[in-house]
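Me: I've got a model open and I'd like to go through the labels people put on it. Can you walk me through the reasoning behind each one?

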Amino acid sequence: MDASNTLRIGHGYDLHRLEPVAPDGPGRPFVLGGVQVPHDRGPVSHSDGDVLMHAVTDALLGAIGAPDIGDLFPDSSEACRDAESSRFLLEAQRRIQASGFDIVNMDLTVICERPKLMEYKDLIASELARLLGCDSSRVNLKAKTHERVDAVGEGRAVEAHAVVLLGPKS
Ligand code: MG
């Protein structure tokens, strides 16, 4: 792929079921963008279940037309069991750079009824920017509820959307 003078856009989406955390259930600690957020429920997942990192990873991979996160890191793989999702994110980052691209900006939305994410948004955006080696002004994070309807609104799931724009590596 010739990255000169080229912009690429990518979209990622993910959802994880939320269950009570151990010892009351199978939920893992609730981690978003590498930041642990206190909650009595957490994702049920093969890896650490970081729904936001999974969405960002898929957006980065999608922007360069690479295989998606499920292709690269299948949930049937023992090597991915309990994996920290930063591993997936950094592989996606490595691939976009190898293709000659860098992140222009990303706009992210997490949707969950609880916990309230207001006080964690800046920290989560900063942590993603740190991992990706870009300025935190390039990472925008929004948090919404699902107005108490459907599984997300009933607190039984968390979902994330990610849109990223890539430009030629400077
Ligand atoms: Mg996932």
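Me: Which residues have the most contacts inside the largest nonpolar core?
Reply: Keep in mind that this is a predicted model. Leu52, Leu60, Leu108 and Leu166 have the most contacts inside that core, which has 42 residues. The elements giving two or more residues to it are helix 1 (51-63), helix 3 (86-98), strand 5 (101-111), helix 4 (121-132), strand 6 (139-144) and strand 7 (157-168). Helix 1 gives the most, with nine residues.

Me: And what does Leu60 touch, leaving out residues up to four places away in sequence?
Reply: Leu60 touches Leu89, Ala92, Gln93, Ile96, Ile103, Leu132, Val164 and Leu166. Apart from the big core lies another one, of five residues, including Ile69, Phe73, Cys80 and Ala83. In soluble globular proteins, nonpolar side chains tend to be buried together.

Me: Why does Ala59 count as buried?
Reply: The cut-off for buried is under 20% relative accessible area. Ala59 has 0% relative accessibility, so it counts as buried. Ala59 is found in helix 1, and its contacts, not counting residues up to four places away in sequence, are Gly10, His11, Gly12, Ala162 and Val164. The C-alpha atoms of Ala59 and Met106 are separated by 9.1 Å, with the two residues 47 residues apart along the chain.

Me: What makes Thr109 buried?
Reply: Thr109 comes out at 13% relative accessibility, and the limit is under 20%, so it counts as buried. This threonine lies in strand 5. Thr109 touches Lys142, Lys144, Glu159, Ala160 and His161, again not counting residues up to four places away in sequence.

Me: Are Cys112 and Cys134 buried or exposed?
Reply: Cys112 has a relative accessible area of 4%, so it is buried. Cys134, at 17% relative accessibility, also counts as buried, given the cut-off of under 20%.

Me: How many disulfides does the structure hold?
Reply: Zero. To be counted, a pair of cysteine sulfur atoms would have to lie within 2.5 Å.

Me: What makes Asp14, His16 and His54 donors of the magnesium ion?
Reply: Distance and atom type. Asp14 (OD), His16 (NE2) and His54 (ND1) lie 2.1 to 2.2 Å from the magnesium ion, and the cut-off for N, O and S atoms is 2.8 Å, so they qualify as donors. In sequence the donor residues are spaced D-x1-H-x37-H. His16 lies in strand 1 (residues 8-20) and His54 in helix 1, so the pair ties together parts that are 38 residues apart in sequence. Both His16 and His54 are buried.

Me: Why is the chain called as compact as a globular protein of its length?
Reply: Its radius of gyration is 16 Å, and the globule rule gives 15 Å for 170 residues; the two are close, so the label holds. The C-alpha atoms fill a box of roughly 50 × 35 × 25 Å along the principal axes. Of the 170 residues, 49% count as buried. The chain exposes about 8,500 Å², with carbon and sulfur atoms supplying 48% of that.

Me: How many helices and strands does the chain have?
Reply: Five helices and seven strands. From the N terminus on, they run β-β-β-β-α-α-α-β-α-β-α-β. Of the contacts with a separation of 6 or more, 74% come from residues 24 or more positions apart.

Definitions and conventions: Residues are numbered from 1 along each chain as its sequence is written. This is a predicted model: local features need pLDDT of at least 70, side-chain atom pairs count only at pLDDT 80 or more; totals for chains, interfaces and linings use all residues. Side-chain values use heavy atoms; hydrogens and water are left out. A nonpolar core is a set of buried Ala, Val, Leu, Ile, Met, Phe, Trp, Tyr and Cys residues joined through side-chain atoms within 4.5 Å. Buried means under 20% relative accessible area, exposed over 50%, partly exposed in between (1.4 Å probe, protein chains only). Helices (H or I, at least four residues) and strands (E, at least two) are DSSP runs, numbered from the N terminus. Contact means heavy atoms within 4.5 Å. Donors are N, O and S atoms within 2.8 Å of the metal (3.2 Å for Na, K and Ca); water is not among the atoms, so sites may look incomplete. The radius of gyration is taken over C-alpha atoms; the globule rule is 2.2 Å times the number of residues to the power 0.38. Accessible areas come from the Shrake-Rupley method with a 1.4 Å probe; for residues, only the protein chains shown count as cover.
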